[in-house]
Amino acid sequence: MITYEKLSKKPQVAKSLIGMALNEFDTFYAEFESTHEERLRTSQRTRRGQKKRQRGIGAGRKHKYDLRDRLLMTLFWLKAYTTYELLGFFYDLNKTNIEDNLLLILGTLESMATFEFERPTAERKKLHSVEEVMDAFPDVRLVIDGKEQRIERPTNKKDKDGKVQDRQKPYYSGKKKTHTIKNQVGVSPNGRIDAVSESVPGGSTHDLVLLRQTDLLSSLQDSEAAMMDKGYDGIASDYPDKKLYLPFKARRNHPLTEEQKAYNRFLAKYRIVVEHTMAQLNKFQVLVQRFRHQLSKHSGIFRIVASLVNRRIQLHPLKNYSLA
């Protein structure tokens, strides 16, 4: 099992196991502990249905592991994405205990996950330093891209009238040849994740459609621009007043000129910032392996991992992502 006592004896393995160094975990835990206690104090959760609690928060049987070790357990699960059975074997707990522990900790982690573009425009931080802007595109505020993840094939169910609901088709991606779920990510030029969409079916939702649904570009100020790949071709007509940088796309009987090809290559060198951030997300196996849990939980887990990546990037900024 991974406990704080054991990990403190071999701190060099902490990053591989939980995604952060031990000293970073100590700082994170102090913030998590206060948030978790406040959340439990103000929680209105019920035991069964709408029945009111008969005991106060924290009453009843105590947890086998303290809060610090349960946070470690959850971070390890996000990093390795083991089955509940395997995690239960490590911690000598049954599957139900593991699930209850994870859900409780994940609930607090999700409440801590906030992103820049969820705040009012007046409260958003502006980028000023040389390290935080692109020298060739100083007005770019967001680099936008989509991330797909494989899921278990959904099971078709019958509705009240006895008709079979096709729950598989919306998630089947012809491009990936599998069922997927998709999220949209908006990344600032310094690599920090500033916007995350809800999880949507990957087969029926094109990147362009998702961007229109989230209306993320409306959050940009007049002096701010966004950068995207050619999958978002056509979005400029929806936002004629916004400054958008997209690569040129070849069309039938209209191949790209050499100048357009050169511009696309130049633009790609700056878009690599979002690829670096995606690579940081992919260090957490919960966003890489086939997602095995309820799809309704995916949005929350994605937000948690994105916030953990942001903490890592804040401490260790990405380098050399915008060099031409």
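# Questions at the model

Visitor: Let's start with Glu 24: buried or exposed?
Guide: The relative accessible area of Glu 24 is 12%. Buried means under 20% relative accessible area, exposed over 50% and partly exposed in between (1.4 Å probe, protein chains only). By that rule, Glu 24 is therefore buried.

Visitor: Good to know! What average pLDDT does the protein have?
Guide: This is a predicted model, in which local features need pLDDT of at least 70, side-chain atom pairs count only at pLDDT 80 or more, and totals for chains, interfaces and linings use all residues. Residues are numbered from 1 along each chain as its sequence is written, and side-chain values use heavy atoms, leaving out hydrogens and water. pLDDT is the predictor's confidence in each residue, on a scale from 0 to 100. At least 70 is reached by 90% of the residues, and the protein's average pLDDT is 89.

Visitor: Which element has the highest mean pLDDT?
Guide: Elements here are DSSP runs, numbered from the N terminus: helices (H or I, at least four residues) and strands (E, at least two). The lowest mean, 75, belongs to strand β3 (residues 164–165). At the other end, with a mean of 97, stands helix α4.

Visitor: And over which residues is the pLDDT below 50?
Guide: Contact means heavy atoms within 4.5 Å. The stretch in question has 15 contacts in the model beyond near neighbours in sequence. Its pLDDT is below 50 over residues 320–324.

Visitor: Back to Glu 24, then. With which residue does Glu 24 form a salt bridge?
Guide: A salt bridge is a side-chain nitrogen of Lys or Arg within 4 Å of a carboxyl oxygen of Asp or Glu. In this pair, the closest N and O atoms of Glu 24 and its partner are 2.6 Å apart. Glu 24 sits in helix α3 (residues 22–42) and the partner in helix α9 (residues 298–315), 288 residues apart. The partner of Glu 24 is Arg 312.

Visitor: How many salt bridges does the count come to?
Guide: Another one joins the side chains of Glu 118 and Arg 303, at 2.6 Å from N to O. Glu 118 lies in the loop between α6 (95–112) and β1 (140–150) while Arg 303 is in helix α9, so this pair ties together parts 185 residues apart in sequence. Glu 118 is partly exposed at 44%, whereas Arg 303 is buried at 12%. By the rule above, the count of salt bridges comes to 19.

Visitor: How many residues apart are Arg 251 and Asp 233?
Guide: Their side chains meet in a salt bridge of 2.2 Å, N to O. Arg 251 is in the loop between β9 (243–245) and α8 (258–281), and Asp 233 in the loop between β8 (225–227) and β9; the separation is 18 residues.

Visitor: Let's look at the core. Which residues have the most contacts inside the largest nonpolar core?
Guide: A nonpolar core is a set of buried Ala, Val, Leu, Ile, Met, Phe, Trp, Tyr and Cys residues joined through side-chain atoms within 4.5 Å. The largest one has 64 residues, and those with the most contacts inside it are Trp 77, Leu 78 and Val 286.

Visitor: How many residues are in the other core?
Guide: Leaving aside neighbours within four places in sequence, Val 286 is in contact with residues including Tyr 81, Phe 291 and Ile 301. Apart from that largest core lies another, with Phe 117, Leu 211, Leu 216 and Leu 244 among its residues. The size of this other core is 16 residues.

Visitor: Which residue stands opposite Val 185?
Guide: Two strands pair if DSSP finds at least two bridges between them. Strands β5 (residues 178–187) and β6 (residues 193–196) run antiparallel and are joined by three bridges. Opposite Val 185, in β6, stands Val 196.

Visitor: Finally, Lys 182: the backbone oxygen of which residue lies 2.8 Å from a polar atom of its side chain?
Guide: Lys 182 is in strand β5 and is buried at 6% relative accessibility. Outside its sequence neighbours within four places, Lys 182 contacts residues including Lys 147, Glu 148 and His 206. The backbone oxygen 2.8 Å from a polar atom of the Lys 182 side chain belongs to Thr 205.

Methods
A polar contact is a pair of N or O atoms within 3.5 Å; within protein, one must be able to donate a hydrogen and the other to accept it, and residues adjacent in sequence count only if both atoms are side-chain atoms.
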